[in-house]
Amino acid sequence: MHPGTDTRSCAALRGLNALVALSLLLAAGCAQRIESTAPEPAPAVVAGTAASSPRTATEQEIIAQADSLLTRAPRPLKTISTAGRLPDDPVSMASQAARNDWPGMQALALAAGITGEARYGAALQSYFAAWIGVFEPSFNPISETQFHFVALAYELGGQYLSAETRAATLLLFRRMAEGYLNPANTGTGTGRNNWQSHRVKLVTALAFALEDADLMAGARLVFRKQVATNIAADGKVLDFSERDALHYVVYSLEPLLVAALIARQHGEDWYGYESRQGSSLTGALEWLAPYARGEKIHEEFKNTRNSFDRQRAAAGVPRFSGLWDASGALICYQAAARFDARWQPLASRLGVSPAWLALGLKS
């Protein structure tokens, strides 16, 4: 072999080896870059929901409440009757169990919006259809006070109902709103006390759900009249004079504050209303505040004029004897803090806002 041939072959071989090594280095570099830029695995998303921030404790509470309704059938009754009955009265017990569906219906509507899962909307349709086909209002505002949850559930989740169920629901709402505004359905002696406050709340929730201008005007009128007649200029509530109980001060103010929150969601300021003689929700809350803060104490029902109060105390029904428990004012001040931030420290001291209030009335 010619001597030059070996030299050229070695050079060629050395060049080939260098090329291979360079190729291997380039390939390794590419692999490293690909590995370093590979996307992170996508977070798992529950079927029917969109990826979002973690659920808040309040949202989890509402979803758990809604889930409890998914595992049982609706429990509609033709008539709800709790007023004037002891808690262990069989009729009262059946009524209480049945009307637990009502706040549950609001929870279903909220859960449908929070999760986007169709099962909550389907359950809401089932519950509405069951109740609308059976329920006959008695126009007793104490027995039916929680029906405002049904009106709120409709506002939040009416889109999940069939056209037939929506139509039947609105017919019932109108019948109830008109009935609660009718003076003929106001019992003797209940046109100014806590019973009327509960009527006001129900009329307000139903009127705004119906979006009926005349009914909304009627609700606005009875709200103002109740503030003027139930609350004195010094802030004392009529029910305190009749029942000698802060329990009934709260029981009269709470529905009025809920009514004001519902109106606010529709752009109306009812909380700021003050009557000609100086009656206002603010005045009543200021009168109650020293008791809620623990600066004053009160022995409940000691001089009540109501015989049923004494009957409940004798039966050992909680809160109908002994010193007033300020935690009973939680909803009052949590609602009031939405209108006036100066109530927030007291509201926080009394406890956390219930989920139905925090999410169901966001104004």
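Helix α8, which covers residues 194-210, has 17 residues and reaches 25 Å from its first C-alpha to its last. That span is close to the 24 Å expected at 1.5 Å a residue. The model described here is predicted. In it, 16 of the 17 residues of α8 are buried, so this helix is largely enclosed by the rest of the structure. The secondary structure of the protein as a whole comes to 16 helices and zero strands.

**The ends and interior of helix α8**

- At the N-terminal end, α8 is capped by N193, which has a side-chain oxygen 3.0 Å from the backbone nitrogen of W195.
- After α8 comes E211, and the phi of this residue is positive, near 55°.
- H198 is one of the residues of helix α8.
- The relative accessible area of H198 is 3%, and because buried means under 20%, H198 counts as buried.
- Apart from neighbours within four places in sequence, H198 is in contact with P141, I142, T145, Y251 and P255.

**Helix α11**

- Helix α11 covers residues 246-265, and 15 of its 20 residues are buried, which leaves the helix mostly covered.
- At 1.5 Å a residue, the 20 residues of α11 should span 28 Å, and the 29 Å between its end C-alpha atoms agrees with this.
- Just after α11, G267 takes a positive phi of about 85°.

**Nonpolar cores**

- In soluble globular proteins, nonpolar side chains tend to be buried together.
- The largest nonpolar core in this model has 96 residues, and the residues with the most contacts inside it are F128, F147, F173, L288 and Y333.
- Helix α11 supplies the largest share of this core, namely 12 residues.
- L288 touches L246, V249, V250, W324, A329 and Y333, when residues up to four places away in sequence are not counted.
- A second core, separate from the largest one, has seven residues, including L86, A245, Y248 and F301.

**A buried alanine in helix α14**

- A335 is placed in helix α14, which covers residues 330-339.
- With 1% relative accessibility, A335 counts as buried.
- Leaving aside neighbours within four places in sequence, A335 is in contact with L257, L261 and L357.
- A335 and A347 are 12 residues apart in sequence, and their C-alpha atoms are 8.5 Å apart in space.

**Salt bridges**

- A search of the whole structure finds 12 salt bridges.
- The side chains of R174 and D212 form one of these salt bridges, with an N to O distance of 2.9 Å.
- R174 lies in helix α7 (residues 163-181) and D212 in the loop between α8 and α9 (213-230), so this pair ties together parts that are 38 residues apart in sequence.
- The two partners differ in their cover: R174 is partly exposed, with a relative accessible area of 30%, whereas D212 is buried, with a relative accessible area of 16%.
- The side chains of R85 and D89 also meet in a salt bridge, at 3.3 Å from N to O.
- R85 counts as partly exposed, at 30% relative accessibility.
- A further salt bridge joins R319 and D325, whose closest N and O atoms are 3.9 Å apart.
- Both of these partners are partly exposed: R319 has 40% relative accessibility, and D325 has 39%.
- R72, R75 and D101 are joined into one network by salt bridges that share partners.

**The protein as a whole**

- The protein has 363 residues, and buried residues make up 46% of them.
- Among the contacts with a separation of 6 or more, 73% are between residues 24 or more positions apart.
- The protein exposes about 17,800 Å², and carbon and sulfur atoms supply 56% of this area.

Note on methods: Residues numbered from 1 in each chain as written. Predicted model: local features only at pLDDT ≥ 70, side-chain atom pairs only at ≥ 80, totals over all residues. Heavy atoms only, no water. Helix = DSSP H or I, 4+ residues; strand = E, 2+ residues; numbered from the N terminus. Expected span 1.5 Å × (residues − 1). Buried < 20%, exposed > 50% of the residue type's maximum accessible area, 1.4 Å probe, protein only. Polar contact = N/O pair within 3.5 Å; in protein donor to acceptor, adjacent residues only side chain to side chain. Core = buried A, V, L, I, M, F, W, Y, C linked by side-chain atoms within 4.5 Å. Contact = heavy atoms within 4.5 Å. Salt bridge = Lys/Arg side-chain N within 4 Å of Asp/Glu carboxyl O. Areas by Shrake-Rupley, 256 points an atom, 1.4 Å probe, with all protein chains shown as cover.
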